[in-house]
Amino acid sequence: MDIETKNLKRADVVKVGGRVDSSTAPELDKALNALMEQGHFRIVIDMSDLKFISSAGLRALIAAAKTCRRWNRGDLYLA
């Protein structure tokens with residue numbers, strides 16, 4: 001799995017490539033949590049190079065979306 005993070009003016013773009021399964025989902029979760037700890041709550045997930053995502057990967061995305069939406073701080077978008 002490849003994760004690239006790009007900071008833009010209004011949002012952060014996280015490009016995910018390859019396979020996200022139970023062994024690589026913690027890496028995705030760690031990358032998203034690092035952004036949110038820095039105060040970045042408008043996140044776009046670029047899934048154009050993603051080949052497979054398991055329920056563990058979806059769980060990481062849902063947890064990040066809930067954290068972003070808490071207290072109307074931002075949102076997480078899939079592209």
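Leaving aside neighbours within four places in sequence, Ile45 is in contact with Val14, Val16, Leu32, Leu61, Leu76, Tyr77, Leu78 and Ala79. I should say at once that this is a predicted model, and that every value I quote is computed from it. Ile45 lies in strand S3. With a relative accessibility of 1%, Ile45 counts as buried. One of its contacts, Val16, is separated from Ile45 by 29 residues in sequence, yet the two C-alpha atoms are 7.1 Å apart in space.

Let me place this residue in the sheet. The sheet is open and has 4 strands, in the order S1-S2-S3-S4, with mixed pairing. Which strands stand at the edges? They are S1, residues 2-7, and S4, residues 75-78; each has a single partner strand, so one side of each is left without a neighbour in the sheet. From one strand to the next, the twist averages 20°.

I turn now to the individual pairings. S1 and S2 run antiparallel and are joined by 6 bridges. These two strands form a hairpin, with 4 residues between them. Within this pair, Thr5 stands opposite Val14 in S2. The next pairing is that of S2, residues 12-20, with S3, residues 42-53: these strands run parallel, and 8 bridges join them. Here Asp12 stands opposite Ile43 in S3, and Val13 has Val44 as its bridge partner in that strand.

Next, the helices. Helix H1, residues 25-37, lies across S1, S2 and S3, and runs at about 175° to S2. Two packed helices are described by the angle between their axes and the distance between the axes. For H1 and H2, the angle is about 15° and the axes are 8 Å apart. H1 and H2 are therefore roughly parallel to each other. The crossing in which H1 passes H2 is right-handed. On the H1 side, the contact is made by Ala25, Leu28, Asp29, Leu32 and Met36; on the H2 side, by Ala56, Gly57, Ala60, Leu61, Ala64, Thr67 and Cys68.

This brings me to the core. In soluble globular proteins, nonpolar side chains tend to be buried together. In this model, the largest nonpolar core has 19 residues, and those with the most contacts inside it are Val14, Val16, Leu28, Leu32, Met36, Ile43 and Ile45. S2, H1, S3 and helix H2, residues 55-69, each supply at least two residues of this core. Which element provides the largest share? That is H2, with 6 residues.

Ile43 deserves a separate word. Not counting residues up to four places away in sequence, Ile43 touches Asp12, Val14, Leu32, Leu35, Met36, Cys68, Asp75, Leu76 and Tyr77. Among the residues touched by Ile43 are Val14, Leu32, Leu76 and Tyr77, and these four also appear in the contact list of Ile45.

I close with the loop between H2 and S4, where Trp71 is placed. Trp71 has a positive phi of about 60°, although it is not a glycine. Is this residue buried or exposed? Trp71 is exposed, its relative accessible area being 68%. Asn72 is also in the loop between H2 and S4. Its phi is positive, at about 55°, and Asn72 is likewise not a glycine. With 77% relative accessibility, Asn72 counts as exposed.

Key. Residues numbered from 1 in each chain as written. Predicted model: local features only at pLDDT ≥ 70, side-chain atom pairs only at ≥ 80, totals over all residues. Heavy atoms only, no water. Pairing = 2+ DSSP bridges. Axes fitted to C-alpha atoms, helices over the stretch in contact; angles between N-to-C directions. Contact = heavy atoms within 4.5 Å. Core = buried A, V, L, I, M, F, W, Y, C linked by side-chain atoms within 4.5 Å. Buried < 20%, exposed > 50% of the residue type's maximum accessible area, 1.4 Å probe, protein only. Parallel < 35°, antiparallel > 145°, perpendicular 65-115°, else oblique. Left-handed = near helix turned anticlockwise from the far one by under 90°.
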